[in-house]
Number of protein chains: 4
Amino acid sequence: MDFELTDRCKDFQERVGAFMDERIYPAEAIYAEQMREAGDPNFHPPILEELKTEARARGLWNLFHPHKEWGPGLTNAEYAPLAELMGRSPHLAPEAMNSNAPDTGNMEILTLFGTEEHKEKWLRPLLDGKIRSAFAMTEPAVASSDATNIETRIERDGDEYVINGRKWWTSNALHRNCKVLIVMGKTDPDGPRHAQQSMLVVPIDTAGVTIVRGLPVFGYWDREGHAEIVFEDVRVPTSALLAGEGEGFAISQARLGPGRIHHCMRSIGMAERALELLCQRSLSRVTFGQPVADNANIRDWIAEARIELEMIRLLTMKTAWLMDTVGNRHARVEIAAIKVAAPQVALKIIDRAIQVHGGAGVSDDFPLANFYAHQRTLRLADGPDEVHKRTIAQRELRRWETPVTREAVDGTRAAALVS
Amino acid sequence: MDFELTDRCKDFQERVGAFMDERIYPAEAIYAEQMREAGDPNFHPPILEELKTEARARGLWNLFHPHKEWGPGLTNAEYAPLAELMGRSPHLAPEAMNSNAPDTGNMEILTLFGTEEHKEKWLRPLLDGKIRSAFAMTEPAVASSDATNIETRIERDGDEYVINGRKWWTSNALHRNCKVLIVMGKTDPDGPRHAQQSMLVVPIDTAGVTIVRGLPVFGYWDREGHAEIVFEDVRVPTSALLAGEGEGFAISQARLGPGRIHHCMRSIGMAERALELLCQRSLSRVTFGQPVADNANIRDWIAEARIELEMIRLLTMKTAWLMDTVGNRHARVEIAAIKVAAPQVALKIIDRAIQVHGGAGVSDDFPLANFYAHQRTLRLADGPDEVHKRTIAQRELRRWETPVTREAVDGTRAAALVS
Amino acid sequence: MDFELTDRCKDFQERVGAFMDERIYPAEAIYAEQMREAGDPNFHPPILEELKTEARARGLWNLFHPHKEWGPGLTNAEYAPLAELMGRSPHLAPEAMNSNAPDTGNMEILTLFGTEEHKEKWLRPLLDGKIRSAFAMTEPAVASSDATNIETRIERDGDEYVINGRKWWTSNALHRNCKVLIVMGKTDPDGPRHAQQSMLVVPIDTAGVTIVRGLPVFGYWDREGHAEIVFEDVRVPTSALLAGEGEGFAISQARLGPGRIHHCMRSIGMAERALELLCQRSLSRVTFGQPVADNANIRDWIAEARIELEMIRLLTMKTAWLMDTVGNRHARVEIAAIKVAAPQVALKIIDRAIQVHGGAGVSDDFPLANFYAHQRTLRLADGPDEVHKRTIAQRELRRWETPVTREAVDGTRAAALVS
Amino acid sequence: MDFELTDRCKDFQERVGAFMDERIYPAEAIYAEQMREAGDPNFHPPILEELKTEARARGLWNLFHPHKEWGPGLTNAEYAPLAELMGRSPHLAPEAMNSNAPDTGNMEILTLFGTEEHKEKWLRPLLDGKIRSAFAMTEPAVASSDATNIETRIERDGDEYVINGRKWWTSNALHRNCKVLIVMGKTDPDGPRHAQQSMLVVPIDTAGVTIVRGLPVFGYWDREGHAEIVFEDVRVPTSALLAGEGEGFAISQARLGPGRIHHCMRSIGMAERALELLCQRSLSRVTFGQPVADNANIRDWIAEARIELEMIRLLTMKTAWLMDTVGNRHARVEIAAIKVAAPQVALKIIDRAIQVHGGAGVSDDFPLANFYAHQRTLRLADGPDEVHKRTIAQRELRRWETPVTREAVDGTRAAALVS
């Protein structure tokens with residue numbers, strides 16, 4: 001049992017911290033100004049490219065990628081404190097260091113399941129930060145939290161696959177640099193539940209791909225965009241297939257582990273920043289003759305924030321360590337646990353920081369309302385809390401299901417069906 | 001003890017309900033479309049004027065105004081169920097029936113404290129729905145939850161008052177029809193704490209009044225706007241004074257009672273609509289082989305929503321009844337109580353409705369995210385929860401402070417100061 | 001809409017209040033002393049009989065009974081504020097005024113469904129406070145929250161019924177004066193779900209009735225006792241039947257409405273007393289140089305307590321009013337609502353009062369720990385919260401179930417069964 | 001970063017686990033029976049001595065003691081998983097393995113601050129499990145959460161100290177084997193706040209020591225007892241002094257660190273056992289045609305329990321590791337954090353387990369109600385939550401207090417005092 005970070009990790013932590021202090025935080029106002037001037041929520045502001053150049057020059061690039069070939073090859077546990085720092089400035093830092101969702105997940109999929117052609121055409125420019133990508137899974141017509149509900153059809157026609165369906169919440173698809181979509185659909189709708197789906201790599205400019213609209217999040221029109229996309233007789237060569245037919249569900253599971261933990265790491269960073277703002281504001285404002293920080297209710301909020309942050313950070317670290325040591329599959333329950341807990345801890349802290357800021361807290365003079373919208377959405381993205389809790393409870397109950405209780409239960413169910 | 005609504009109230013309830021069903025709800029899509037087309041968040045869409053005309057024709061006008069002269073002269077308890085209905089479509093219904101904040105509060109102030117000139121020039125067109133108004137109290141530089149912090153200066157110079165200061169969260173000031181501001185500032189900064197403030201009626205186009213910017217709320221740019229306004233040597237005649245010098249704090253207290261309870265009534269309506277949406281969505285979506293509504297956790301949410309809604313509605317009704325029978329002043333604790341409780345009940349229900357809607361819930365395809373932003377802001381508007389709880393606790397403790405405990409307490413305090 | 005209590009109610013409120021102040025509170029220490037001296041948790045202390053005599057002399061007797069013949073004939077809404085007062089001293093006041101559970105419910109059942117013989121033999125002495133009674137429904141072997149699970153068998157044998165089964169949580173059965181049990185069992189285990197049960201009036205000294213043991217509640221051995229009872233070939237004449245065979249479930253439903261609301265009324269009284277104690281203690285104790293009451297977190301607790309108490313009292317009053325005006329059956333959802341909400345409000349307040357009292361709070365120097373145990377148990381007695389929420393949600397969802405959603409749902413269920 | 005336990009720890013974990021399975025759990029019924037038969041809550045049942053003999057024979061003795069001389073010399077991080085196991089059977093396992101509160105803390109104090117005479121006379125028999133001890137700090141007359149409130153006087157009179165005062169919640173003092181008290185009092189009431197207190201080792205049979213009574217906890221009369229003790233002119237030789245005059249506060253701080261973390265470790269064990277019981281009960285009981293465990297609300301409870309348990313266990317482990325690596329003093333914030341969080345996590349889980357057990361949950365047929373009472377008390381013992389949160393918040397705010405904010409704050413305070 002050793003809670004010390006590795007030296008390599010501490011070195012990167014210091015360097016990322018310095019980059020945040022020297023370049024990222026000062027760039028936030030510039031970013032806001034460039035976006036405001038552009039008057040286009042999907043504008044790609046020049047400051048971002050400057051930051052990318054600088055980050056790469058500092059060796060702070062592709063920090064997320066576990067493979068040495070493509071970056072420093074950090075473990076998940078080493079990456080966690082870095083992603084946390086990035087989360088403190090979520091609109092700039094992750095993209096500046098080429099470690100932003102959903103590209104990270106897509107890069108991992110392409111690394112693991114892509115053909116040489118995929119790697120050459122899409123993975124390399126993604127790792128170079130030249131293009132961006134999106135992941136088209138969720139559908140408006142069905143409850144996508146149950147992945148087997150997905151209705152998009154992929155039909156083989158000679159050397160081609162033909163895609164028909166409607167997706168939404170395809171994040172990043174409105175990014176100016178987005179060039180490629182990874183699309184999930186059913187090749188075998190009547191097959192076994194988890195073998196119906198397949199995944200294709202689809203250039204965004206393929207004929208039949210129509211971006212219908214972007215979706216706002218609590219009034220925010222995110223720069224990268226959350227798109228509703230119609231696929232109408234979209235044809236791609238069979239070489240667009242990732243892994244094999246029927247492997248889509250398995251790939252999505254492989255993809256979601258790292259994606260989810262990265263989100264949680266950033267959530268912790270956002271919550272830390274919110275707590276800082278809460279403390280600073282409460283020290284600087286005075287009501288009824290004393291600083292707001294001198295009220296015991298505010299102090300309770302601060303203490304609870306610190307306690308919960310330490311707890312969720314440790315659980316996230318342990319989950320990362322499990323992924324590193326026993327593999328993503330065996331960290332499934334822990335990944336589900338942090339996916340539920342991290343946004344909730346963050347939301348509670350951000351909400352209280354908003355409360356201490358008064359009207360300023362819900363405006364954009366502070367990043368709090370935006371953080372809130374972001375974290376609230378995370379309770380839905382990659383599956384709602386309830387689906388993850390279901391997973392955790394199932395595993396827990398399985399420890400106690402004896403053949404006897406199982407039989408009793410099944411007997412009851414059978415009886416219930418009849419009555 | 002009789003929980004039956006009056007016949008007059010039930011009659012209005014039916015008529016407002018019919019208006020909502022026949023005109024307001026169908027108008028929501030038209031409104032959204034007209035706003036989208038305009039591409040200007042402060043656009044005044046034609047549909048609104050149509051609805052106003054129709055509401056007036058139906059006798060559904062100035063329902064909030066307790067004075068018979070200006071409307072039907074309903075009591076607060078009779079108005080409550082009507083305001084609740086309006087709250088179900090907060091961007092259309094209150095304005096359509098000329099019963100929207102902050103105009104209602106301003107109309108009450110002008111009725112109670114305005115001169116004949118004020119009434120002729122501002123109250124009448126407000127009651128006619130011809131113009132709109134705003135209330136400039138909160139300031140960016142100080143914690144305005146403690147009203148004695150306010151720094152805007154009002155100085156007498158001959159027949160004029162000269163105003164200097166900076167306000168923000170002046171809601172409605174960006175409304176196309178907004179013509180007048182009620183401004184609070186200090187005429188006697190060294191006077192007794194609650195006699196330093198005065199209130200002036202200031203035409204929005206007076207020289208020296210500069211609207212610096214609008215403020216977003218969780219990414220939403222409300223049509224009526226929340227303005228930051230600079231007052232620089234703004235001169236108004238002394239006749240602009242409401243009541244008398246030093247009466248500002250007292251007027252603001254008088255204003256806030258009805259304003260707060262109206263907010264709460266609408267909160268209940270919003271929460272009811274969110275609960276409806278939650279039920280409908282959970283019945284129509286299927287996961288893991290059963291409708292979402294068949295899950296016991298969702299059923300718990302529904303039951304808790306119903307319980308909490310009934311409770312907060314009753315407390316709001318009782319508060320209205322107290323205001324009607326013993327006066328706003330003696331309902332002070334109850335007003336503070338609903339101001340804390342109603343938005344919290346609403347937020348919990350809306351949040352759970354969002355969760356059941358998945359990604360759709362945080363978008364604008366449903367009104368839920370917007371309701372959430374609105375209600376979250378209400379936990380700050382007109383004083384943060386903590387200030388209202390302070391009021392309630394003080395009153396409660398006073399019942400138990402004996403001379404003995406008082407003395408002990410004061411002794412302790414004195415000792416603490418010395419040490 | 002009128003929140004004023006009736007004059008008759010206010011008169012009784014004053015008289016019960018005076019009785020509490022003059023006799024009940026001063027008797028608490030005497031009661032504790034007599035119980036301690038006796039060294040027997042089921043001892044019947046003389047002070048109780050004195051209080052009963054006094055209460056009867058003051059006309060404060062059978063206040064709960066809606067029928068004029070047996071008491072003042074108060075409505076539920078009139079009784080509510082009186083039961084609340086009684087709840088402030090739960091071990092003395094309800095029994096002193098002959099209005100304690102489970103006797104009140106049993107007296108109602110006997111009034112409504114008893115034969116003349118039952119009334120003469122059991123109801124009259126109960127109304128006179130000469131004997132006590134118990135209600136044997138819950139069983140240790142099955143989840144009794146689903147009443148159809150009950151396994152006790154009642155078989156007809158000539159002119160007799162023969163009872164076999166095991167009950168527990170038969171409260172009051174260890175009371176020194178307990179003479180009669182009302183027993184629920186199945187006369188027709190294969191009949192329709194809600195027509196299998198019947199109810200019998202069984203003298204506690206009938207051969208075959210064995211009280212196996214008493215059950216503690218959080219370490220407390222309540223004076224009235226919670227018994228586990230075995231019925232082994234217990235024979236009673238067929239005249240012991242209440243109403244008719246198969247009417248047991250219906251009677252239990254009729255019984256539970258008033259019983260549940262009475263519990264809630266007393267919960268409010270207990271919570272009010274806890275809040276008083278919290279305020280007093282926080283004013284009298286000093287930490288870090290100021291009275292505990294001066295800390296904003298404690299003030300938040302006080303304010304939240306006041307808010308929640310007002311809300312739950314109003315919902316309880318409205319429920320009582322509904323029972324009075326449209327009948328218990330049509331108040332079913334509201335009864336379920338307060339049954340869930342009242343103990344939760346009370347528990348939160350009591351818990352915080354304990355916290356402010358420190359070690360004294362969990363001891364018996366204050367009534368708080370005992371109140372807590374009592375209220376915690378109430379979340380299970382007469383059905384756990386979850387069963388009541390289920391009822392409320394079902395009713396709420398029924399409003400939105402269209403034939404279309406119903407069919408979709410049933411289709412899904414059918415499909416789920418097959419897969 | 002390594003979350004693996006040491007081999008030594010895993011070896012002990014296995015051995016303690018085996019001892020629990022083979023001896024402790026089976027002994028619980030025997031223990032209950034022996035206590036019941038004795039009819040004396042402070043009886044010392046023979047089974048306990050048998051378990052002690054067995055534990056010692058298995059080398060499971062004094063596991064808590066960090067010094068090799070007295071036990072296996074485990075680190076805090078190594079001891080944590082073992083104390084967790086012990087917590088699963090709190091009335092038997094800790095005492096059986098000679099690792100129970102408050103003796104562990106007292107043994108540590110005597111090890112660190114005791115004279116050779118103290119060690120010979122008290123420490124050795126304590127480490128041998130021959131005697132027990134108690135710690136007399138809390139007083140009934142003052143809020144002892146602020147340790148400077150303590151009023152017991154210790155006056156030097158020649159070669160003796162004379163003690164006068166009243167203590168309560170002196171746990172263990174009613175244990176049949178309790179022979180010695182460590183008493184905190186003021187030798188210099190007018191000295192600097194944290195140098196007024198001293199600590200004495202006082203044989204329990206010293207003249208003038210009167211045990212007034214035991215205190216119940218939620219109705220439970222714990223075997224070891226929580227005593228109220230009067231000290232009236234109690235004389236001990238000056239050699240009874242621990243460390244030096246004025247060192248009492250410092251010793252108490254040194255003592256409380258390990259004591260608090262041990263409590264938290266056991267809390268986790270209790271919560272784990274409650275979760276097991278919850279799962280088992282929910283699988284075995286059927287309502288409305290399905291096992292209780294099939295309800296999504298119960299599954300949510302299980303998942304939340306698992307998430308929160310993992311988080312609090314990790315924070316406790318990290319705190320132990322900090323104590324091992326940087327010392328108790330530097331782990332102060334973390335110790336405060338787990339002291340707040342662990343009982344709350346445990347209480348939530350135990351409460352839900354009670355709910356799933358129905359009436360059985362509040363009785364003594366399961367250990368749940370007793371666990372609840374125990375954990376609830378822990379939110380007060382060694383300082384209420386609010387005092388620990390105060391510590392945490394102070395540390396957090398100190399990071400953000402610039403000279404400027406400090407000055408502003410002090411200015412405000414000064415102004416507040418004057419006004």
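How many residues of chain C are in contact with chain B, and how many of chain B with chain C? The views below take up that interface in a predicted model.

**View 1. The C–B interface as a whole.** Here 49 residues of chain C are in contact with 49 residues of chain B. Put together, the two chains bury about 5,200 Å² between them, with 72% of it on carbon and sulfur atoms. On the chain C side, C:Met1, C:Phe3 and C:Leu283 supply 16% of the area buried against chain B, more than any other three residues.

**View 2. Charges and polar pairs between chains C and B.** The count of salt bridges here is 4. In one of them, the side chains of B:Glu304 and C:Lys389 meet at 2.6 Å, N to O. As for polar contact, 7 residue pairs make the count, both partners being at pLDDT 80 or more.

**View 3. What chain C brings to the contact.** Elements of chain C giving two or more residues to this side are α7 (248-284), β9 (290-291), α8 (296-325), α9 (332-357), α12 (385-398) and α13 (403-418). The largest share, 15 residues, comes from α8(C). Sorted by class, the side of chain C that touches chain B has 27 nonpolar, 7 polar and 15 charged residues.

**View 4. Chain A laid on chain D.** Now for another pair of chains. A turn of 180° and a shift of 0.0 Å along the axis lay chain A on chain D with an RMSD of 0.0 Å. So what we have is the relation of a two-fold axis. Both copies use the same surface, as 100% of the contact residues of chain A recur in chain D.

Note on methods. Residues are numbered from 1 along each chain as its sequence is written. Chains are lettered from A and ligands numbered from 1 in the order in which they are written. This is a predicted model: local features need pLDDT of at least 70, side-chain atom pairs count only at pLDDT 80 or more; totals for chains, interfaces and linings use all residues. Side-chain values use heavy atoms; hydrogens and water are left out. Contact means heavy atoms within 4.5 Å. Buried area is the accessible area (1.4 Å probe) that two parts lose on being put together, summed over both. A polar contact is a pair of N or O atoms within 3.5 Å; within protein, one must be able to donate a hydrogen and the other to accept it, and residues adjacent in sequence count only if both atoms are side-chain atoms. Helices (H or I, at least four residues) and strands (E, at least two) are DSSP runs, numbered from the N terminus. Ala, Val, Leu, Ile, Met, Phe, Trp, Tyr, Cys and Pro count as nonpolar, Asp, Glu, Lys and Arg as charged, and the others, Gly among them, as polar. Copies are superposed by least squares on the C-alpha atoms of residues with pLDDT of at least 70 in both.
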